[in-house]
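Biologist: Got a minute to walk me through the strands in this one? I'd like to go sheet by sheet.

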Amino acid sequence: MKQGRGTTSFHPISSILSSLLLFLSLSGSAHAYKNYTVGDSLGWFDNTQNSNVNYQKWADTKKFTLGDFLIFNTDTNHSVVQTYNFTTYKECDYDDAQDKDTTQWSASDPSNTQTHPVTVAIPLMKEGTTYFFSGDYDGDQCRSGQHFQINVTYGEGLPKSLKAPEDAPSPANAVAGDDDSAPDTIVPSNFNHPKTEETDDDDKASDKQNSTSFSVSLSAQLHLVLLGTLLFFL
C-alpha cells in the first residue's frame, strides 16, 4: 500500500499580507535626532589624563547625521576644535587654519592653575567627513589620543531650529584666516542648545502632518491591493 506524501498548502493572500506588514514596519521607522556624549562617561581628555580613552573606536560604533549634536564633557585645560581640513587635523595644529573650515568651539586656559568643568555642544551641520581634536599644548593633547573623525550623512536633514539665514552669527571663537576655503558652516544663535526631543514644535507638527498623509495614502493603497487580491482568487 503506497503511502501518499504530505503536501504543504500555499496561501497567496497570507504571503501578500506578510509582505505588506513587513513594508509597513520598515517604512514606519524614522531617524531621530540624537545627542552623542563623546567618550561617554570618560569625557573629553587626552591619554595622559585618562589612559582608557579611544575616541576613534567610540566614534566608529555610531551613525551620525545632520542635526545631531556632539556633547563634549571636558575642562578648561582641554579645547574642542572642529575642522573639515584633513591637513589641519593630521598636524594637530589650527594656527594656520581657515576660518571657514575650522572652528575652535572651546578654548582652554593652560595658564590657570585651577581647572573647571566645561560642557560644549556642537551641532553637525554639514555632510561628509568632520574632524575633532584638542589643539592645546602645541598639539600634544591631540597626539596623545584626543582626536577622532566621523562621517556625517544626510539622515532627515537639518531641523528648522538649526537652519538660519545667511546673516546668522558665526560660532563663538572662530579661528581667523582668509576667506578662500570651504563653504561656511552657518550656525544659528541657539547653536549651543542641543535638542532634547526628536524635533522642535514646528518639526513635530510638520512630521505629524506628513505621517498622517503617508498613513492615509498607504492605507488606501493597502485596501486596493487586498481588494484586488480577493477578487482574483474568488
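Modeller: Ground rule before we start: two strands pair if DSSP finds at least two bridges between them. Strands (E, at least two residues) and helices (H or I, at least four) are DSSP runs, numbered from the N terminus. It's a predicted model, so to speak: local features need pLDDT of at least 70, side-chain atom pairs count only at pLDDT 80 or more, and totals for chains, interfaces and linings use all residues. Residues are numbered from 1 along each chain as its sequence is written, and side-chain values use heavy atoms, with hydrogens and water left out.

Biologist: Which residue in β6 does Ile71 stand opposite?

Modeller: Ile71 falls in strand β3, residues 69-75. That strand pairs with β6 in the antiparallel sense, over seven bridges. Opposite Ile71 in β6 stands Ala121.

Biologist: Which strands stand at the edges of that open sheet, and why is one side of each left without a neighbour?

Modeller: The sheet has three strands in the order β1-β3-β6, with mixed pairing. Each edge strand has a single partner, so one side lacks a neighbour in the sheet; these strands are β1 and β6 (117-123).

Biologist: Over to the sheet of five strands: what is its order?

Modeller: This one is open too, and its pairing is mixed. At its edges stand β2 (64-65) and β5 (102-106), each with a single partner strand. The order reads β2-β8-β7-β4-β5.

Biologist: Which residue in β7 is the bridge partner of Gln82?

Modeller: Gln82 belongs to β4, residues 80-83. β4 pairs with β7 in the antiparallel sense over three bridges, and with β5, also antiparallel, over four. In β7, Gln82 has as its bridge partner Phe132.

Biologist: Are the residues on the two faces of β4 buried or exposed?

Modeller: Buried means under 20% relative accessible area, exposed over 50%, and partly exposed in between (1.4 Å probe, protein chains only). One side of β4 carries Val80 and Gln82, the other Val81 and Thr83. Both faces are covered, and all four of these residues are buried.

Biologist: Last one: how far apart are the C-alpha atoms of Gly43 and Asn73?

Modeller: Gly43 sits in the loop between β1 (35-37) and α2 (55-60), and it counts as buried because its relative accessibility is 5%. Beyond neighbours within four places in sequence, Gly43 is in contact (heavy atoms within 4.5 Å) with Val38, Tyr55 and Asn73. Gly43 and Asn73 are 30 residues apart along the chain, yet their C-alpha atoms are separated by 5.0 Å.
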